[in-house]
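Work through the exercises below with the sequence and the 3D view open. Each task is followed by its solution in steps.

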Amino acid sequence: MTAIVRPLADLRGRIRAWKAAGESIGIVPTMGALHDGHLSLVRAAKAGCDRVIVTLFVNPRQFNNAEDFAKYPRTEHADAALLAPLGVDALFVPEGAEVYPPDHATVISVSGVTAPLEGTHRPGHFDGVATVVAILLNMTQADRAYFGEKDWQQLQLVRRLVADLKLPAEIVPCPCVRAEDGLALSSRNQRLAPDARARAAALPQALFAAAGRIEAGETPGAVLEAARAGLEAKGIGPVEYLELRDGETLGPAQRGRPARLLVAAWLDGVRLIDNVAVALP
Ligand code: AMP
C-alpha cells in the first residue's frame, strides 16, 4: 500500500533522507480521483526519478465556484490503492490549513499565457494554480514535476512560472490519455450521466476533424464556426471557446510555429476541456 503522508514535517523527513542518499525526486501534482491519465504521469515519473511523490490536494483557490469545489470527487483511499502497484514512495495529502494557513498572503500571478481561454472564462483560476504549484514544488523540493498536456494552458503557465522564478525543477509534459472513444480522461467525467457520457465523444471528434481541415488548408475561422455549430447541434454547449492559438504563448497562431486548437464546452452540467496539436500549412 502506498504510504499516505501528512503533515509536511513527515514528508520533509523522508525527503531529507532521499536527498542525503543522492536520490532524485519527481512529483505528480493531482487533485485526486485518480484515473489512467494521472497514472501515466506517475509511470513517467517512476521512469525518470529515484523517488516519486504524488500530491493530492483539492486546491480551493483554483475553483471559481463553491459548488464545483464541493462536488469535486474525493477518493483518497481508492487513490492510494490505485497507486500501490506503481511503487509510489509517498501520497502526500496536505491539510488545507497547512497549504494556506490563516495568515497566508502571497498570490502568484503569471500574465500573458494565462490571459485568454481559461483565463477569460475562469477568473482567478490560474492565480490559484500558479500559487499552489509554487507551494507544492517548494514543499517537495522536487527535481522534476510531471504535468499532463490535457491541461495545455496550465502546462504553459507552469513552464513560465518555473522559468520566471528560477525554480530548480524540470517540468516534464506528458501526452493526454483518452478513453477508447477519444474522450480525454478527467475526474469530472464521473459526473456525466450515461447518455451524456455516450455523447461526449463528439467533442474530441469535432476537435480532431477541425484540426485536420485546418491542416489541409481550409480557413480556420470558417472551420471553427462550423465545428462550434456542429457541437451545439449535438447538445454539447454552450461552447465557451474553440480557438486556434500559438502552442506556447497562447497568443494568435502563427505559421512556422506549433499551434494548438483548444476547446471548453458544457455537457450535462459538466465543463469539459480538450486540445490538439495543429501543424499549420
Ligand atoms: P488534476 O487532478 O485534474 O488536477 O490533474 C493532475 C494532473 O494530471 C495534471 O497535470 C493534468 O494535466 C494531468 N491529467 C489529467 N487528466 C489527464 C489525461 N487524460 N491525460 C494526461 N494527463 C492528465
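**Exercise 1.** Locate Leu 117 among the elements of the chain and describe its backbone.

Solution. Leu 117 sits in the loop between helix H5 (96–99) and H6; helices (H or I, at least four residues) are DSSP runs, numbered from the N terminus, as are strands (E, at least two). Next, read the backbone angle: the phi of Leu 117 is near 55 degrees, a positive value in a residue other than glycine. Last, check exposure: Leu 117 is buried, with a relative accessible area of 3%. Buried means under 20% relative accessible area, with a 1.4 Å probe and protein chains only.

The model is predicted: local features need pLDDT of at least 70, side-chain atom pairs count only at pLDDT 80 or more, and totals for chains, interfaces and linings use all residues. Residues are numbered from 1 along each chain as its sequence is written, and side-chain values use heavy atoms, with hydrogens and water left out.

**Exercise 2.** Find where Ala 33 lies and state whether it is buried or exposed.

Solution. Ala 33 belongs to the loop between strand S2 (25–30) and helix H2 (36–48). Its phi is positive, about 50 degrees, although Ala 33 is not a glycine. With a relative accessible area of 3%, Ala 33 is buried.

**Exercise 3.** Describe how domain 1 and domain 2 meet.

Solution. Start with the bounds: domain 1 covers 4–174 and domain 2 covers 187–275, as given by an automatic or database domain assignment. Their C-alpha centres lie 26 Å apart. The contact (heavy atoms within 4.5 Å) takes 21 residues from domain 1 and 18 residues from domain 2.

Then take the area. The two domains bury about 1800 Å² between them, 52% of it on carbon and sulfur atoms; buried area is the accessible area (1.4 Å probe) that two parts lose on being put together, summed over both. In domain 1, Leu 117, His 121 and Trp 152 lose the most area to domain 2, together 34% of what that side buries.

Finally, count the salt bridges: there are three between the domains, each a side-chain nitrogen of Lys or Arg within 4 Å of a carboxyl oxygen of Asp or Glu. Arg 191 forms a salt bridge with Asp 68, with the closest N and O atoms 3.4 Å apart.

**Exercise 4.** Which peptide bond before Pro 238 is cis, and where does Pro 238 lie?

Solution. The bond joining Gly 237 and Pro 238 is cis, with omega about 0 degrees. Pro 238 lies in the loop between helix H11 (220–233) and strand S7 (239–246).

Terms used. Buried means under 20% relative accessible area, exposed over 50%, partly exposed in between (1.4 Å probe, protein chains only).
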